[in-house]
Structure formats: C-alpha cells, structure tokens
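Here are a few exercises to work through with the model open in your viewer. Try each task before reading its solution.

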Amino acid sequence: TGAAMASKLATLERIGLTQDGLKQLKEWSKTKSVTLRLKATETCKFKEKKTREVEAATKNVTEVSGLGRMINITNKNVTTVTEYFWNITASYTLTAYCGNSPDDCVTFFTRDSATTIMTNSENTPHSAATSKPPLETNITWLLQSLNDNLQVHFSINRSDSACHTPRRNQDITEVLSGMH
C-alpha cells in the first residue's frame, strides 16, 4: 500500500509537480480537499484545398503502321484528386486546486500540440472546437499521508478492534477508496 502511494506521488512529480507545489498541496490538505483536474480543448480549422492530377499506373499503347512507318499512340488515364487540409490543435492542462476554487491552483503542466491532416472530403473531420469536460479526482488522502519531509507514511493500526487482517481494516479501506 505504501509502495502504491509512493508510486502515485512519483508519477505526479514526474509530470511536473515541484517540491514547492507539493508543499502547497500538503498545506491545503490540512483544512480542505485537494482535487486533481485535467482540462482539454481541441480545435479543427480549414487550412486549404489543393487539386492535383495523378496518372494511372497503366498505359494503353496502340501501334499503327502504314506507308512503311510505325506510329505508337499512347493513352494515359489521369485522375484529378482534390485534397482538403485541416489544422488540428489540442491543449491539455493538469492542475490541482483547493476546496471549490479551480482558479486557485497549482499547475503541473500545460501542453499544446498542432498538426495538419489531409482528407478527400470537404466535410470537417472533427468538431470546430471541443472543450472536453474536466476529469477530476480527489487526492486529499494521498497528501494527508505525507509526513513533514513530504514522504509517504502509511501504517495499519493493528490495535483497532475493527482491524481483522492486513487487508480487512479501516486504514486499507480508506486508502483503496481514495485510489479510485
């Protein structure tokens, strides 16, 4: 259990949580809940339309002879292809906030990416703008398990009368409910 909690904390640090940020979150967890939030937005905008000609891989050659000369007549099939190019952007932000104040937050990371895709249809391949509903999870339980040195500290209170086994006890039940 302690290893799983330390792994979650290490993951948060790996994706951008600083020591100062962790201290702030731990301080918040003393009096209010702390929520981890992932926000995402995506856009799709028309860039350009291009038309090009593509020759078929096969040719039809007709040979005609007359008056002692051979004449070759070559027929090629050419297809006109119309391509539509679209700019796709995506922005992601991972933050943690205190209580009911998403604007008062610690930012772990913000990522912006962009690409261009090509379609053969003039219909937009994605919505013009999409703001995904934020994904949130409460991490108060994890922060409250940190000692003053910001290290995970977890133990099972075996003297509690409700402690039946290392798995069936209140301490493990609280951690497992917080991990989901």
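**Exercise 1. Place Thr-140: what does it touch, and is it buried or exposed?**

Step 1. Leaving out residues up to four places away in sequence, Thr-140 touches Ser-29, Lys-32, Ser-33 and Val-34; contact here means heavy atoms within 4.5 Å.

Step 2. Thr-140 has a relative accessible area of 9%, so it counts as buried (buried is under 20%, exposed over 50%, partly exposed in between, with a 1.4 Å probe and protein chains only).

Step 3. Thr-140 sits in helix α3; helices (H or I, at least four residues) and strands (E, at least two) are DSSP runs, numbered from the N terminus. Its side chain makes a polar contact of 2.7 Å with that of Asn-138 (a pair of N or O atoms within 3.5 Å; within protein, one must be able to donate a hydrogen and the other to accept it, and residues adjacent in sequence count only if both atoms are side-chain atoms).

A word on the ground rules: this is a predicted model, where local features need pLDDT of at least 70 and side-chain atom pairs count only at pLDDT 80 or more, while totals for chains, interfaces and linings use all residues. Residues are numbered from 1 along each chain as its sequence is written, and side-chain values use heavy atoms, with hydrogens and water left out.

**Exercise 2. Work out the sheet: what is the strand order, and which strands stand at the edges?**

Step 1. The four strands make an open sheet in the order β3-β2-β1-β4, paired antiparallel; two strands pair if DSSP finds at least two bridges between them.

Step 2. β3 (105-119) and β4 (129-138) each have a single partner strand, so one side of each lacks a neighbour in the sheet.

Step 3. Now count bridges. β1 and β2 share 29, β2 and β3 share 14, and β1 (residues 34-66) and β4 share eight.

Step 4. Check some partners. Thr-35 faces Tyr-97 in β2 and Asn-138 in β4. Over in β3, Thr-116 partners Asn-87 and Ile-117 is opposite Trp-86.

Step 5. Look at the turns. The β1-β2 hairpin leaves two residues between its strands, with Leu-67 in the turn at a positive phi of about 55°. The β2-β3 hairpin leaves six, and there Gly-99 has a positive phi near 60°.

**Exercise 3. Follow α2: which of its residues are buried, and why do they line one face?**

Step 1. The buried residues of α2 are Gly-21, Leu-22, Leu-25, Lys-26, Trp-28 and Ser-29.

Step 2. Viewed down the axis of α2, they fall within an arc of 160°, so they line one face of the helix (the arc is that of the directions from the helix axis to the C-beta atoms).

Step 3. Pick Leu-22. Not counting residues up to four places away in sequence, Leu-22 touches Leu-9, Glu-13, Leu-17, Leu-143, Leu-146 and Leu-150.

Step 4. Leu-22 and Leu-25 are also among the residues that touch the most other members of the largest nonpolar core, which has 21 residues. Such a core is a set of buried Ala, Val, Leu, Ile, Met, Phe, Trp, Tyr and Cys residues joined through side-chain atoms within 4.5 Å.
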